[in-house]
2 protein chains.
Amino acid sequence: MTTETTAKDIMHSLGTQAKQAAATLRMADTRRKDTALALAAALLREQQDEIIAANDLDMQAGKKSGLDAAMLDRLALNDTRIEAMAEGLEQIAQLPDPVGEISELSYRPSGIQVGHMRVPLGVIGMIYESRPNVTADAAALCLKSGNAVILRGGSEAIHSNRAIAACLRQAMRDAGLPQDAVQLVDSTDRALVGELIRAEAFVDVIIPRGGRSLIERIANEARVPVIKHLDGICHVYVDAAADLDMAVNIAVNAKMHRTGVCNAMETLLVHAAVAEVFVPQVVAALTAAGASIRGCPRSCALAVGIESASDADWDTEYLDAILSLRIVDDLDAAIAHIAKHSSGHTESIISGDYAAGQRFLREVDSASVMWNASTRFADGFEYGLGAEIGISTDRLHVRGPVGLLGLTTQKWIVLGHGEIRT
Amino acid sequence: MTTETTAKDIMHSLGTQAKQAAATLRMADTRRKDTALALAAALLREQQDEIIAANDLDMQAGKKSGLDAAMLDRLALNDTRIEAMAEGLEQIAQLPDPVGEISELSYRPSGIQVGHMRVPLGVIGMIYESRPNVTADAAALCLKSGNAVILRGGSEAIHSNRAIAACLRQAMRDAGLPQDAVQLVDSTDRALVGELIRAEAFVDVIIPRGGRSLIERIANEARVPVIKHLDGICHVYVDAAADLDMAVNIAVNAKMHRTGVCNAMETLLVHAAVAEVFVPQVVAALTAAGASIRGCPRSCALAVGIESASDADWDTEYLDAILSLRIVDDLDAAIAHIAKHSSGHTESIISGDYAAGQRFLREVDSASVMWNASTRFADGFEYGLGAEIGISTDRLHVRGPVGLLGLTTQKWIVLGHGEIRT
């Protein structure tokens, strides 16, 4: 039997079980789902030592195979991180259950009432790297939203993920729910990813989390719809009418609060009218905070310590304490720069001018468009979703941070009294 | 130059123009869009003779190439049909403009306000057969929702489509909007369909309308997301607690009001407790209305004039005055039959029992689920969408009838006062 046949068989069995579990889970009461989440949190705490022992196996293998320090840090579990995972499950239990919600039910001229009922998507395929906490978070969000999930973590975290998934499966059983609503692809065979993303008969949506190359490959090869974002090339535009202290504050926060995240600012655009005053201020503040700056020729002339930006800089997601800086002639030029270089994730205008802010909100076509706020707010928690399973820079179904609602769909419901069409 | 290169070049040029037009159209005011729709309606009326002359060319070619009577009827235009098209455009002008609507804007603990703004999808690729009125309807819905559209009608309607699209393009120009927001693929080369559905760089969504084989091929080969439905295998379930007169009335309407449409009933399920009384009644009424019935063995024993159903009947969309009839033991069996055989389009329960109706609404997983109403109501007009561009039996983005909202997406907007993340 070739590897490919085996992978196909494994996926067929995972898919069949997931579909069956999804049919039960989509009708489970809120209380039972919340009980499962509480039990899973308790189990993570109870089995902390076993989970850390499993994680040690991954850490040892990771060191041996030469994972870098950042990767090892993402992989590592300790009691604090396990406690955080358990608390995350408890928080998800406290979120309102979106399933079954009926909205917009209204009478039509024919006499029927027409509205929507919110329902789970079905089976979610989750593909991710390193961080084992994604196993718990993703499973919990899928469970709460009534979806079965097939989890495919990175091979470097297989022991950790196995231990965490086991807690969730036991909690499902103990709560009287189908354990196969949470399944881990318990193999490091890469062919399984290929099978998962083509398993249209079983899987309703794929959510990949990880590096750009992983996500790009999945998007290109998938037959199942994918909810994804590739890049976060986020812009802050400091308008002529900006409060410059606010602008410095937001620029530093947007770049330096966390540099390795997708909602960090990569490019700072500055209106020419305030550049002479603002550029030296913001360069000093950013440099003091530890950032390196790559500037356009005009900005380089206004402050010391700026490198010259190359054309490639405007299209680069640094994921580091680096930013590009460009002076633009006006709002139009800022919007045009963003239209050309943004990845459609998040952009913010800093301005006290009503007309400029209104135009920016309307004309910039990104998943999140902000006015006088740091791009770092583009986040499921900050937006009030409770938690996020990913981010979408696609246009269909869901855009920006994806929470419980993004894992559901709506069906139409019609309440009649014997009406027929005439 | 090979045909394929030519098709690629044509699509590149259509795509570039569409994207550019979309960038303008997404910010156009409502008044200008509605003016364009009114002008287009006037032009259709003005150029009625030219349009009918163009249609004559298609009709002659269609007769020559052996199109059947039903196809020729769908293809034919006359003054009534052109007037209906013009009125359709005027009705779409009167619908509320969904673009720019801000909703759910609320304060978060950090101090920022977070909400949604509705925006167009971008560029729609519309692929359809025969009926030339789709050219006007689809262009009008795309225009009103701020989207550019690339129209690819059937080769049998090319002259008619050309004449209609010309009216829309002239109306766009006259209203000061980019005419390339409405483009017709002015070639019958089939390679262009292949290019259109793979033009990810230019097209945001493909909406195919036509026979199952066309839609299946598009769904299989597309790289661009597709909004589609394949089949309409709709069920009516007559519960033990049904008002039997209402049930007869709805069954006849659901099957016979129009037989060639996707929301017509294909299978009638009857609870065993009422079968003995109901089956003879409904068979008599359906037969009198001109329907042929293919029944399960139990139903065949209860009425004369029923053929025996084969296994294939339960999975057949007749699109004709034919239905299948099955007696089921209870609600569970009805829901199980539907889960196995439905195409996920529309199902209806006829029942006076609260618990049965509630369970049916919750447990049946179709785009439309009804209680005491005819499946024929699954329609954009009847649901209050004003008009529909298609129907979706997929789960993501939009489900059921697709109107203006289905042609839009939402971006997040954040209004701050200088907030940063801490």
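## A walk through a two-chain model

Chain A contains 14 helices and 16 strands. Its radius of gyration is 24 Å, close to the 22 Å that the globule rule gives for 422 residues, so chain A is as compact as a globular protein of that length. Please keep in mind as you look around that this is a predicted model.

Let us stay with the overall build of chain A for a moment. Its C-alpha trace spans about 70 × 65 × 40 Å along the principal axes. Of its 422 residues, 54% count as buried. Among contacts with a separation of 6 or more, 72% join residues that are 24 or more positions apart. Chain A is also divided into two domains: domain 1 covers 3-228 + 401-414, while domain 2 covers 234-377. Domain 1 is therefore written as two stretches of the chain, with domain 2 falling between them in numbering. Taken over C-alpha atoms, the centres of the two domains of chain A are separated by 36 Å.

Now bring in the second chain. How does chain B relate to chain A? A rotation of 180°, with 0.0 Å of shift along its axis, superposes chain B on chain A with an RMSD of 0.1 Å. The two copies are thus related as by a two-fold rotation axis. The same surface serves both copies, since 100% of the contact residues of chain B recur in chain A. If you would like a landmark for the axis, try His397(B): among the residues of chain B, its C-alpha comes closest to the axis, at 1.8 Å.

The contact between the chains takes 55 residues from chain A and 55 residues from chain B. On the side of chain B that touches chain A, the elements giving two or more residues are strand S2 (113-120), helix H10 (244-256), helix H14 (354-363), strand S13 (368-373) and strand S16 (408-419). Which of these gives the most? That is S16(B), with 11 residues. Sorted by class, this side of chain B has 24 nonpolar, 18 polar and 13 charged residues.

Strand S16 is worth following in chain A too, where it spans residues 408-419. S16(A) pairs with S13(B) in the parallel sense, over five bridges. Two places let you find this pairing in the structure: Ile413(A) stands opposite Val369(B), and Val414(A) has Met370(B) as its bridge partner. Within its own chain, S16(A) also pairs with strand S2 (residues 113-120) of chain A, this time in the antiparallel sense and over eight bridges. Here Arg118(A) stands opposite Gln410(A). Nine of the 12 residues of S16(A) are buried, so this strand is largely enclosed by the rest of the structure.

Our last stop is Pro98(A), in the loop between helix H5 (79-94) and strand S1 (102-107) of chain A. Is Pro98(A) buried or exposed? It has 20 C-beta neighbours inside 10 Å and so counts as buried. Leaving aside its neighbours within four places in sequence, Pro98(A) is in contact with Arg118(A), Ser145(A), Leu404(A), Leu405(A) and Thr408(A). One of these, Arg118(A), is the residue we met opposite Gln410(A) in S16(A). Pro98(A) and Pro120(A), meanwhile, are 22 residues apart in sequence and 8.7 Å apart in space, from C-alpha to C-alpha.

How values were computed. Residues are numbered from 1 along each chain as its sequence is written. Chains are lettered from A and ligands numbered from 1 in the order in which they are written. This is a predicted model: local features need pLDDT of at least 70, side-chain atom pairs count only at pLDDT 80 or more; totals for chains, interfaces and linings use all residues. Copies are superposed by least squares on the C-alpha atoms of residues with pLDDT of at least 70 in both. Two residues are in contact if their C-beta atoms, placed from the backbone, lie within 7 Å. Helices (H or I, at least four residues) and strands (E, at least two) are DSSP runs, numbered from the N terminus. The radius of gyration is taken over C-alpha atoms; the globule rule is 2.2 Å times the number of residues to the power 0.38. Ala, Val, Leu, Ile, Met, Phe, Trp, Tyr, Cys and Pro count as nonpolar, Asp, Glu, Lys and Arg as charged, and the others, Gly among them, as polar. Two strands pair if DSSP finds at least two bridges between them.
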